[in-house]
Amino acid sequence: MSLKKAALRGFVWDLTGTFARQGIKFVISIFLARLLEPEEFGLVGMALVFIVISQAFADFGFGSALIQNKKNTSVVYSSVFFINIIAGALICALFYGLAPFIADFFNNQALTSLIQWLSLSFVFSSFIIVQKSILTRQINFKTINLADVISQTVSGIIAVILAFSGWGVYALVVQSLLGTFLNGVLLWVWTDWYPKIEFSWKEVKKLTGFSAFMFMDQVLSRISNQLDVFFVGKVFSPATLGYYTRAQSLNNMVTQYTSTSFTKIFFPVLSKYQDDEEGFKRVYFRIISIICFFAFLVSGLMVFWGETIIVVLFGEKWQPSVIIFQALILMAFARPINAMMVNAFLGKGKAKENFYVGLFRKIVRLFPLLVGFYYGLMPFIYALVTCSYFLTFCNMLFMKRILKVELNRHLKKVFEGVIVFLPFIFLFFNVALFENKLLNSIAYSVVFVTAYLLWSIMLKNEGMLYVKSHIKPAFAKIKRKL
């Protein structure tokens, strides 16, 4: 199978899996949000801050190194596997002992037991790092997504049953642990590779040139990405963190639906183009165009319907999440674009350069914390949005300097979407077309989608044309079968 066909097939499976996975997750979250209180979601959010950050230590960057490396042997896979297992067990024991101190830091003793239970996730996840790397390298997202969908469905249903039975916050703990465990079991059953009793430091060292910088970048990235949750949990109440994480999860869902499949699949694809400059740029900018086309379109609609989604589906008690979500969605496009730029660095084997660029990004992300500390929650969130736009532009400059990727092409791709997106967002918050909120959302949605598509057609947007060229043959094929 050609690389193009493998990538397209991988994208279809990953997109299907993303829709199924996020759809199931969304439905389950509706039940859990109605059964549990915002404070309970906030407590789990606090407990997971350190757990999520420390997951990088169970991987040491070897997962990405295995994907990027041109050729891997059985001894390489086995060596990395045993390193992951040992690291997972040690980190689990470490967090079990540190749990009381973390609880003291947040001034909430209920966190002690939560963290001790959640520390088991290090052991479970360490068993599947190599399996996922092999499947990702093969662009076999069918197996990865089937395992994700099944494990999330089963763990989610059990979590709802436990929440209904009065388990409270521990229903969320069981959901997290059971999901990871079942995912591992399925990947082990469905993957052809199994570890052998063999180990070679020599083979491991060959990966460290890439993995060492990947590991440092992953640790710092996880710290940076969790700073907002850490800050809200420490400075504000668990309930406030619950509202924030609810808004954040919806914002992440938009990112998942619009672009995560592209960014995930095209790391191994870009890695195969690392010696072909023109091919690399052609694939890269095509994906950037597709990401921008979908991200701005879906983000606009979610701003219009955010309040309806949150209040109607999750309940009136989640009303404080509405304004947070409507602010966060303004930066939904930035995350996937930046992820693709990181993939471009890694696909070219520039892990060292990406690490140093990442240091700059992480330092800049400290600015919103200062704003939030002195001015409160909403100024903090608006600072996050402003920071995301600034860093996106900076990353484009770094791409131009290091990878010789044209800045004007980057700006053109973003401009094609943002020129319609931002004016409509401004109008929505300042001009009501109807007094009835439902009619107002419908009216803005219709006008926005119409204007957005007409603008894209007029510009001959590459992302829209690429999607259109692949959708028509797909529908024709389905019609012939019917």
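## A guided tour, starting at lysine 400

Select lysine 400 to begin: this residue is partly exposed, with a relative accessible area of 45%. The model on display is a predicted one. Lysine 400 belongs to helix H17, which covers residues 377–403. Setting aside residues up to four places away in sequence, the contacts of lysine 400 are Val405 and Leu407. Next, add histidine 410 to the selection; ten residues along the chain separate the pair, and their C-alpha atoms are 9.5 Å apart.

**The loop after H17**

Move to lysine 404, in the loop between H17 and H18. Is this residue buried or exposed? Lysine 404 is exposed, because its relative accessible area is 56%, and the cut-off for exposure is over 50%. The backbone here also deserves attention: phi of lysine 404 is near 60°, a positive value in a residue other than glycine. Most residues other than glycine have a negative phi.

**The nonpolar patch**

Now select helix H18 (407–430) and helix H19 (437–459), each of which supplies at least two residues of a nonpolar patch. Display Phe426, Leu427, Val431, Leu433, Phe434, Leu438, Leu439, Ile442, Val446 and Val447 with their surface; together these patch residues have about 880 Å² of accessible area. Which helix gives the most to the patch? That helix is H19, with five residues. Valine 446, one of the patch residues, is placed in H19.

**The loop after H19**

Proceed to lysine 460, in the loop between H19 and helix H20 (462–481). Lysine 460 has a phi near 55°, again a positive value in a residue other than glycine. Its relative accessible area is 64%, and lysine 460 is therefore exposed.

**The interior**

Turn next to the nonpolar cores. In soluble globular proteins, nonpolar side chains tend to be buried together. The largest nonpolar core here has 107 residues; select Leu32, Leu111, Tyr244, Tyr284 and Phe380, which touch the most other members. Helix H12 (residues 277–314) contributes the largest share of this core, with 20 residues. Centre the view on leucine 111, whose contacts are Leu43, Met46, Ala47, Ala103 and Phe106 when residues up to four places away in sequence are not counted. Another core, of 13 residues, lies apart from the largest one; Val80, Ile83, Ile134 and Leu207 are among its members.

Helix H13 (residues 321–328) offers a mostly covered segment, with seven of its eight residues buried. To see them, select Ser321, Val322, Ile324, Phe325, Gln326, Ala327 and Leu328.

**The cysteines**

How many disulfides does the structure hold? The count is zero. Select cysteine 387, which is in no disulfide: the nearest cysteine sulfur, that of cysteine 394, is 8.9 Å away. Since a disulfide needs two cysteine sulfur atoms within 2.5 Å, that distance of 8.9 Å is no disulfide. Cysteine 387 counts as buried, at 9% relative accessibility. Cysteine 292 is buried as well, with a relative accessible area of 2%.

**The whole chain**

Finally, zoom out to the full chain and colour by secondary structure: there are 20 helices and zero strands. Of the 482 residues in the chain, 55% are buried. Among contacts in the chain with a separation of 6 or more, 83% are between residues 24 or more positions apart. A surface display of the chain shows an accessible area of about 21,900 Å², and carbon and sulfur atoms account for 69% of that area.

Key. Residues numbered from 1 in each chain as written. Predicted model: local features only at pLDDT ≥ 70, side-chain atom pairs only at ≥ 80, totals over all residues. Heavy atoms only, no water. Buried < 20%, exposed > 50% of the residue type's maximum accessible area, 1.4 Å probe, protein only. Helix = DSSP H or I, 4+ residues; strand = E, 2+ residues; numbered from the N terminus. Contact = heavy atoms within 4.5 Å. Areas by Shrake-Rupley, 256 points an atom, 1.4 Å probe, with all protein chains shown as cover. Patch = residues over 30% accessible without salt bridge, like charges linked within 9 Å, V, L, I, M, F, W, Y side chains within 5 Å. Salt bridge = Lys/Arg side-chain N within 4 Å of Asp/Glu carboxyl O. Core = buried A, V, L, I, M, F, W, Y, C linked by side-chain atoms within 4.5 Å.
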